[in-house]
Amino acid sequence: MPERLKSPRLRLFVALDLPDAVLEPLAEWRERNLGAVPGARLVSRASLHVTLVFLGYQYERDVDRIARICFDDQAGPFELRPTGVTGVPPRRPRLYALGLEDNGDAVAAWQGELSDRLHEAHLYEPEKRPFWPHVTLARGKRDRSLDRLDEPLALPPRLRQPFEPEHATLYRSTLTPRGAVYDPLLRMELASMR
């Protein structure tokens, strides 16, 4: 991108996209099981992903550099397995998330590499808490606490199966009164086990 003196800022993050074979049944299951929870606002289907690095506001002129740092090297293969739905934080949840087990910790290792490289480039301040792969399914309206789940929600067998993310994406997040809207800026195909 050409250099501009007053480059606008974009809200950016890097995420793993869910394959359609997981995304479709997860969206349907979530609507049936979390749609009626008082105070819960289901995140849009397009927002179901695994956030790796939330960069916050960055200059538009840095987008190409961020993409090179994140996607110049081949990544994967990765395998994730859904473990169940949990409230976050557990006692007074503000959101419900689908936890994912990272087979071999390959996703966590790559996330750590991205975090380190972006930090070295002065584009990111690593989080203090450890990386937890998950998909946010619903949030409390206006960031209010949600009811705790009396019992764990049972995932159907097809949503308990391991899956391979096929793409990692650099997204722009635009905040609107109806929630954030995510636009893909650059997508990378991940290596596959197959």
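This passage describes the confidence, strand pairing and buried residues of a predicted model.

The mean pLDDT of the protein is 90, and 95% of the residues reach 70 or more. Confidence is highest in helix 3 (residues 106-120), with a mean of 97. Strand 2 (residues 40-42) marks the low end, with a mean of 87. Where pLDDT is low, predicted coordinates should not be read in detail.

Strand 5 (residues 95-102) is paired with strand 4 and with strand 6. With strand 4 (residues 80-88), strand 5 forms 8 bridges in the antiparallel sense, and Gly 87 lies opposite Tyr 96 of strand 5. The connection from strand 4 to strand 5 is a hairpin of 6 residues. Strand 5 also runs antiparallel to strand 6 (residues 134-140), to which it is joined by 5 bridges. Leu 98 has Val 135 of strand 6 as its bridge partner, and Gly 99 has His 134 of strand 6. Of the 8 residues of strand 5, 7 are buried, so the strand is largely enclosed by the rest of the structure.

Strand 6 is likewise paired with strand 2, in the antiparallel sense and over 3 bridges. Here Ala 40 is matched with Gly 140 of strand 6. Burial affects 5 of the 7 residues of strand 6, so this strand too is largely enclosed by the rest of the structure.

In soluble globular proteins, nonpolar side chains tend to be buried together. The largest nonpolar core of this model holds 51 residues. The members that touch the most others are Leu 16, Leu 55, Trp 110, Leu 118, Val 135, Leu 137 and Leu 170. Val 135, listed here, is also the bridge partner of Leu 98. When residues up to four places away in sequence are not counted, the contacts of Leu 137 include Tyr 96, Ala 97 and Leu 98. Leu 137 also touches Val 85 and Leu 42, and further contacts include Leu 26, Trp 29, Arg 30 and Leu 34.

In helix 2 (residues 63-71), the buried residues are Val 63, Ile 66, Ala 67, Ile 69, Cys 70 and Phe 71. These residues cover an arc of only 165° around the axis, which puts them on the same side of helix 2. The buried residues of helix 2 pack against helix 3 and against four strands: strand 1 (9-17), strand 3 (49-59), strand 7 (167-176) and strand 8 (179-189).

Key
Residues numbered from 1 in each chain as written. Predicted model: local features only at pLDDT ≥ 70, side-chain atom pairs only at ≥ 80, totals over all residues. Heavy atoms only, no water. Buried < 20%, exposed > 50% of the residue type's maximum accessible area, 1.4 Å probe, protein only. Helix = DSSP H or I, 4+ residues; strand = E, 2+ residues; numbered from the N terminus. Pairing = 2+ DSSP bridges. pLDDT = per-residue confidence, 0-100. Core = buried A, V, L, I, M, F, W, Y, C linked by side-chain atoms within 4.5 Å. Contact = heavy atoms within 4.5 Å. Arc of directions from axis to C-beta.
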